[in-house]
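Let's go through this one by asking how each label is earned. The structure comes first, then the questions.

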Amino acid sequence: MSQLILNLDKLRHNIRFLSRHCRKHHLDITGIIKDPCADPKMIRQMMELGFKNIGISRVPDGPIIRSVFPKRPIYISLPSIHELPAIVQCFSISFNSEMTVIEQLNQTAISMNCPHSILLMVDTGDLREGVMPDQVVETVRKIHQLTPRAIEFAGIGTNLGCCAGTVPDEYNLGLMARLADQIESELDIEVNTVSVGGSVLLEWMQHKPLPGRINNIRLGESVFLGTIPTINQVHPNLDTRVVTFRSDILEIKDKRITPPQLCGKDALGGRPQFTRLGIRKRAILNFGICDTYPLGLTPLIPGMEIVSVNSNYTLADITDCRHRFKVGDFVDFTMNYQAFLQSFISPFTRIRYQKEPDNTAVL
Ligand SMILES: *Cc1c(COP(=O)(O)O)cnc(C)c1O
């Protein structure tokens with residue numbers, strides 16, 4: 001089994017820094033973990049060190065574990081109309097953009113006699129979910145006119161840097177602030193939360209203030225990887241080594257690398273590449289696409305190169321490595337967000353806590 005090694009000290013550093021930084025900008029943080037079955041220790045760190053709530057993007061199989069989530073977390077995806085009872089039961093708030101779903105959610109909350117709030121998503125230019133800005137006031141009016149009404153209108157939210165790669169700017173941030181003011185002045189309905197995400201906002205916040213109305217930020221990648229997506233930067237105050245992917249070597253053989261006479265595709269439908277020909281030292285590692293996103297991994301060992309990936313193996317060329325490997329050696333990798341997320345949710349990757357110093361892997 002491969003391992004996802006979590007360094008709790010480094011995680012705590014990132015959570016503490018982000019909590020302090022966002023407090024200066026008058027922002028609450030929703031820590032985004034996506035996975036409803038995520039590691040309890042990690043969630044506890046987030047809640048204890050200043051995050052206001054936890055955001056999840058999938059509906060759990062069973063009830064949310066109360067000892068892990070003292071208050072129900074937030075559902076940060078659009079609910080499917082077929083899953084509304086589970087949404088109301090497991091989550092205090094869900095993100096919404098469709099009136100038919102909101103009406104059904106209201107009915108569900110009434111029949112379950114369970115409080116539930118909705119955050120209305122607005123598309124401010126990233127072309128992801130959300131009502132168009134000119135429909136926002138009208139939609140909030142409709143929500144408030146539901147009778148009887150069990151659901152609460154919590155506020156408005158938007159995503160940036162996700163689908164169209166839209167970065168924060170005066171226009172999209174200003175628009176969120178204006179819409180909040182407009183709802184309050186035209187409808188006399190309070191907008192408690194104005195939420196923006198995700199980590200791409202951190203770049204803006206290094207140089208400029210956010211409009212005062214924005215009071216919540218949703219952060220995922222930066223917490224775990226210390227990076228700012230969309231602009232592909234490392235945040236100067238964050239630790240990039242919170243998580244490490246650890247595999248072990250199952251086979252080491254010298255192989256003659258030559259393209260086969262008749263060459264088809266590999267297990268994943270890709271065209272095999274034969275860049276370094278002749279006798280090469282090849283290692284087979286114990287993970288594939290069932291365990292992570294192998295192409296999002298970068299080996300920590302100089303000279304190692306991933307050359308092929310299938311469902312259960314990853315093949316590495318180790319000819320140019322100085323170290324003499326043996327079967328059973330541990331090999332560590334840093335991860336991009338896709339690799340991190342997929343190893344995090346894979347039942348085949350075990351989470352392990354790292355106590356420093358840890359010299360078990362070959363480096
Ligand atoms: C995943 C997600 C985030 C977190 O984005 P990062 O860039 O990883 O910080 C925020 N909001 C929503 C709705 C998401 O789905």
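Q: This is a predicted model, so let's start with the ligand: what makes up the shell around the ligand, by class?
A: There are 5 nonpolar, 4 polar and 4 charged residues in that shell. Among the 13 residues around the ligand, the nearest are K34, S199, R218, G220 and E221. Lys, Arg and Glu count as charged, while Gly goes with the polar group.

Q: What makes the S199 pair a polar contact?
A: The cut-off is 3.5 Å between N or O atoms. An N or O atom in the S199 side chain sits 2.5 Å from an oxygen atom of the ligand, so the pair qualifies as a polar contact.

Q: And how do you know that R128 and G220 make polar contacts too?
A: For R128, a polar side-chain atom is 3.4 Å from a ligand oxygen atom, which is within the 3.5 Å limit. For G220 it's a polar backbone atom, 2.7 Å from an oxygen atom of the ligand. Both pairs therefore pass. As for cover, the ligand has 390 Å² of accessible area on its own, and the protein covers 89% of that.

Q: Why is the ligand said to sit in the largest pocket?
A: Sitting in a pocket takes more than half of the molecule's atoms within 2 Å of the pocket's grid points. The ligand is assigned to the largest pocket, so it meets that test. Two elements, β2 (28-34) and β9 (216-219), each give two or more residues to the shell around the ligand.

Q: What makes the lining of the largest cavity 6 nonpolar, 1 polar and 1 charged?
A: The lining is I43, M47, N53, I54, V68, F69, P70 and K71. Ile, Met, Val, Phe and Pro count as nonpolar and Lys as charged, with Asn left among the polar ones, so the split comes out as 6 nonpolar, 1 polar and 1 charged. Both α2 (40-48) and β3 (53-56) supply at least two of the lining residues. The volume of this cavity is about 30 Å³.

Q: Why is the bond from T147 to P148 worth a flag?
A: Most peptide bonds are trans. The one from T147 to P148 is cis, with omega near -10°, and P148 is in the loop between α5 (136-145) and β7 (152-159). G197 and G198 are also joined by a cis bond, with omega about -5°.

Q: What makes D188 stand out?
A: Most residues other than glycine have a negative phi. D188 isn't a glycine, yet its phi is positive, about 60°. D188 is in the loop between α6 (170-187) and β8.

Conventions: Residues are numbered from 1 along each chain as its sequence is written. This is a predicted model: local features need pLDDT of at least 70, side-chain atom pairs count only at pLDDT 80 or more; totals for chains, interfaces and linings use all residues. Side-chain values use heavy atoms; hydrogens and water are left out. On a 1 Å grid over the protein atoms alone, a cavity is a set of points where a 1.4 Å probe fits but cannot get out, and a pocket is an open set with protein on both sides within 12 Å along at least five of seven lines; lining residues have an atom within 4 Å of a point. Grid points are joined across faces, edges and corners, and a volume is the space filled by probe spheres set on the points. Helices (H or I, at least four residues) and strands (E, at least two) are DSSP runs, numbered from the N terminus. A residue is near a molecule or strand if one of its heavy atoms lies within 4 Å of it. A polar contact is a pair of N or O atoms within 3.5 Å; within protein, one must be able to donate a hydrogen and the other to accept it, and residues adjacent in sequence count only if both atoms are side-chain atoms. Accessible areas come from the Shrake-Rupley method with a 1.4 Å probe; for residues, only the protein chains shown count as cover.
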